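Biologist: I am new to this structure and should like to be guided through it. May we proceed by question and answer?

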Amino acid sequence: MTILCVRFQLPPMYEAALPGLLGLLEEFTPVVEALPPDTALADLRGAERYFGRTAVELASVIRVRALALHGVDCAIGAGPGPLLARMALRGARPGLTRAVPGDPDGIAEFLAGRPVAALPGVGPATARTLDEYGLDTLGRVAAAPLSTLQRLIGAKAGRELREKANGIDRGRVVPNGISRSLVTERSFERDELDPDRHRRALLSAAEEIGTRLRAVEKVCRTLTLTVRYADRSATTRSRTLTEPTAHSADLTKTAHGLYEALGLQRARVRALALRAEGLTPADRAAHQLTFDPVDEKVRRIEEVADRARAKFGPRAVMPGSLAA
C-alpha cells in the first residue's frame with residue numbers, strides 16, 4: 001500500500017482547517033492532493049523508503065499527530081492506488097485504517113462482492129443500466145466481456161469500468177489540489193438571530209474571497225454557502241455563477257441570494273462559511289463587456305483597494321457597513 005486517502009473528522013463549517021492539516025501530511029510527502037472540504041490523498045512511496053515504515057504504519061503516526069496538534073481524528077484508507085485507497089476509506093472509521101491488499105488476488109477479493117455503485121465515478125444511471133443486465137457487482141463486471149460493457153455504456157466508459165473492476169488503477173495523486181477551492185468562515189460570539197448581521201457577515205466573507213482570488217489571479221465558477229445552527233446542524237447550498245468571476249460585488253450578490261433562498265426565520269445561526277470552487281486562471285476566463293460605466297468604475301476602485309490592502313493590511317479599505 002502506497003497511497004493514503006485521509007478524511008479528517010472536522011466539525012461542520014471548519015473546512016478552513018484543511019490547509020493546516022495538509023501541511024501535516026506534507027511533512028511526510030510533498031505529493032498531497034486536497035479533496036475539499038475534509039479529505040486528502042497522499043502518495044507515500046518515497047516516505048516508505050525514507051522512514052523505513054509501511055504506509056499503514058505511517059498512517060498511525062499521521063493520526064496521532066493530527067489529534068495531538070490539531071485535536072482532529074481521522075479515518076484512513078490505504079491502497080496501491082488512489083482509486084482503491086478511496087474505496088478503502090468508505091469502510092474505515094475514525095481511529096481505524098482500512099487497507100486493501102497489494103497483491104492481485106487480494107485486490108480481486110476486495111472488489112468482487114462490492115456493488116457497482118461503490119466504484120468512484122459510477123453514477124446512479126450507469127449503475128441502473130448495469131443492474132438491469134445482472135451486472136450488479138464489480139466481480140461480475142470484471143468477468144463480463146469487454147464488448148458487452150461497451151455496448152451498454154459506451155466504448156471508452158466500458159473499457160475504463162472493466163479496468164477499474166479488475167483493480168487496474170491508472171489514477172495518480174496530483175499535488176497542490178487545494179488551489180481548486182478557497183474557503184472562509186465567519187463565526188458569531190453567540191448564536192445570532194439578526195438577519196442584518198448574517199448579511200454583513202456574508203458581505204465580509206465575500207469581500208475576503210474576492211480579494212484572495214484576485215491576489216492569486218484566479219476566478220471561481222461556483223459559490224457554496226454553509227450555515228451552521230445552534231443545534232450543530234448545518235445547511236449547504238451551491239450556485240453556479242453566470243460567468244467565472246473574482247469580482248467581490250458579484251460574489252456578494254450570489255452569497256446574499258443563496259442566503260435569501262434558505263428562507264430562514266429567526267434562525268439561531270452560529271457560523272457562516274463561503275467556499276469558492278471550480279477555480280481557473282483569470283486570464284482564461286471570459287467576461288461579458290457592458291456599456292454600464294458604473295460596473296467599470298467599481299472594478300477600477302476594486303483594483304485600487306486591492307493595492308491599498310496589500311500595502312497597509314486587509315482592513316485598510318472595506319465596505320462602509322463593515323467599518324464598525
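Modeller: Before we begin, a term is needed: contact means heavy atoms within 4.5 Å. The model is a predicted one.

Biologist: Which elements are among those that cover the buried residues of H5?

Modeller: The buried residues of helix H5, residues 104-112, are Gly106, Ile107, Phe110 and Leu111. Seen down the axis of H5, these residues fall within an arc of 125 degrees, so they line one face of the helix. The cover over them includes strand S5 (97-99) and the helices H4 (82-89), H7 (138-143) and H9 (155-165).

Biologist: Which exposed residues does the face of H5 turned away from its buried side carry?

Modeller: Exposed here means over 50% relative accessible area. On the face of H5 turned away from the buried side, the residues that qualify are Pro104, Asp105 and Glu109.

Biologist: Which strands are the edge strands of the open sheet?

Modeller: Five strands form this open sheet, with mixed pairing, in the order S2-S3-S1-S4-S5. An edge strand pairs on one side only, and this holds for S2 (32-35) and S5.

Biologist: Which residue of S5 does Gly77 stand opposite?

Modeller: Strand S4, residues 74-79, pairs with S5 in the parallel sense over three bridges. Opposite Gly77 stands, in S5, Arg98.

Biologist: What angle does the direction of H4 make with that of S4?

Modeller: Helix H4 packs on the sheet, where it touches S1 (3-8), S3 (39-43), S4 and S5. Between the direction of H4 and that of S4, the angle is about 140 degrees.

Methods. Residues numbered from 1 in each chain as written. Predicted model: local features only at pLDDT ≥ 70, side-chain atom pairs only at ≥ 80, totals over all residues. Heavy atoms only, no water. Buried < 20%, exposed > 50% of the residue type's maximum accessible area, 1.4 Å probe, protein only. Helix = DSSP H or I, 4+ residues; strand = E, 2+ residues; numbered from the N terminus. Arc of directions from axis to C-beta. Pairing = 2+ DSSP bridges. Axes fitted to C-alpha atoms, helices over the stretch in contact; angles between N-to-C directions.
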